[in-house]
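Student: I am new to this structure and would like a close look at a single part of it. Please start there and then move outward.

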Amino acid sequence: MGSFDLPLSSSFKGGSEIFLRNVFENILKTYLRKNPTAKTIWELVQSLDNEKICYDHFTFRTLKVDGYGIDSLSSFFMDYGYKSGGGLDFPKKKLRVLWFSPPDVHVPKDGHGLGNGLLPRIVIAEVLVDELSPESQGIIRKYLKPEGGKQAVLSSTLESLIWEKPTWTDFKQLAKESEIAAWTLIHGYTLNHLAFAVHRFKHRFNDIKFVKQHLEEKGFKLNSDGEILKVSQDGLLLQVSSISERLPVTFADGVTETIPASYIEFTQRQVLPEFKDVPHDEIKEFHRREAFELDNASNIMESTRFTTKF
């Protein structure tokens, strides 16, 4: 999936950059193995004009209870130089999201992907379990034993839950109150979605309007909450995401049902007005719109909406 030919001049701090990139590669492999439609889109991007992959962010979901929340994942990435970038709160969803900016690394002129490209931002959501009903809290706490979240990153790379797989009865009951909590209980720390950095592409995919049109022509289902092309209030952050495909899952009580898996996103960050005169070939990531938009993010989360009410 990428070359690990890293120069000695890398400015990476906090351990082995190669190790961190290998962790990302294994998280990606697990995600692509579990999500056939996302893999098809991932391959489509590379097949058109021989485009080189560039990532904007990787997003995970967690449950804030007994050490399983945001910190269970963020601590690992912060040990390798990631820094807190900001957060968003979603009171109606009983959800909090923090994002983390990557460490500075040396990227060769043709650097791309996870092998030698810019590292992705990390976005981690946590369901505020204490704000759920006593019944939903009881379901979650039944499976998530104290301190088990210490192996979160390992779980993400191995396609394996840290806790016991839930029953269909518990899953559907939890989903009635929080679909995000139910999604997380069955999928665990598997990558919820990855986002391509459209602004770093070199060919036709470097225009998010073309991305939208091309995906629609190919028959992919796109998230239309708000609009298919989601634009921030300042017009500088543009996003398009797919709808999660529904895949069969066998629950602990032997019931097999199809439920939403993960999805894939395209993000375009425009150049900030104060840098509009910087030559195109000199534009760096810090010249572009940073952070995330509350409304965009809220709508994109609906990519894993359950179409069936239990």
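Student: Leaving aside its neighbours within four places in sequence, which residues is Asn-296 in contact with?

Tutor: The model is a predicted one. In it, Asn-296 is in contact with Lys-230, Val-231, Ser-232, Leu-237 and Gln-239, once its neighbours within four places in sequence are left aside. Asn-296 itself belongs to helix H10, which covers residues 294-300. Its relative accessible area is 4%, and because buried means under 20%, Asn-296 counts as buried.

Now to the aromatic rings. The structure holds 24 aromatic pairs. One of them joins Phe-171 and Phe-251: the ring centres are 5.0 Å apart and the planes stand at 50°, so the pair is tilted. This pair links distant parts of the chain, with the two positions 80 residues apart. Phe-171 sits in helix H7 (residues 168-177), while Phe-251 is in the loop between strand S8 (246-250) and strand S9 (256-260). Like Asn-296, both Phe-171 and Phe-251 are buried.

Rings also have charged residues over their faces. Arg-269 lies over the face of Phe-292, at 4.9 Å from the ring centre. Arg-61 lies over the face of Trp-183, at 5.0 Å from the ring centre.

Next come the helices H1 and H2. Helix H1 spans residues 17-34 and helix H2 spans residues 36-47; their axes come within 5 Å and cross at roughly 115°. The two helices are therefore roughly perpendicular to each other. On the H1 side, the contact is made by Leu-28, Tyr-31, Leu-32 and Lys-34. These meet Pro-36, Ala-38, Lys-39 and Trp-42 in H2. By type, the residues of this contact divide into 6 nonpolar, no polar and 2 charged.

H1 appears again around helix H3, which runs over residues 70-79. The buried residues of H3 are Ile-70, Ser-72, Leu-73, Ser-74, Phe-76 and Phe-77. What covers them includes H1, together with strand S1 (55-63), strand S3 (95-101), strand S4 (121-127) and helix H6 (152-158). Just after H3, Gly-81 takes a positive phi of about 100°.

To return to the part you asked about: Asn-296 is a buried residue of helix H10, and its contacts include Lys-230 and Gln-239.

Note on methods. Residues numbered from 1 in each chain as written. Predicted model: local features only at pLDDT ≥ 70, side-chain atom pairs only at ≥ 80, totals over all residues. Heavy atoms only, no water. Helix = DSSP H or I, 4+ residues; strand = E, 2+ residues; numbered from the N terminus. Buried < 20%, exposed > 50% of the residue type's maximum accessible area, 1.4 Å probe, protein only. Contact = heavy atoms within 4.5 Å. Phe/Tyr/Trp six-rings, centres within 6.5 Å; stacked < 30°, edge-to-face > 60°. Lys NZ or Arg CZ within 6 Å of the ring centre and 35° of its normal. Axes fitted to C-alpha atoms, helices over the stretch in contact; angles between N-to-C directions. Parallel < 35°, antiparallel > 145°, perpendicular 65-115°, else oblique. Nonpolar A, V, L, I, M, F, W, Y, C, P; charged D, E, K, R; others polar.
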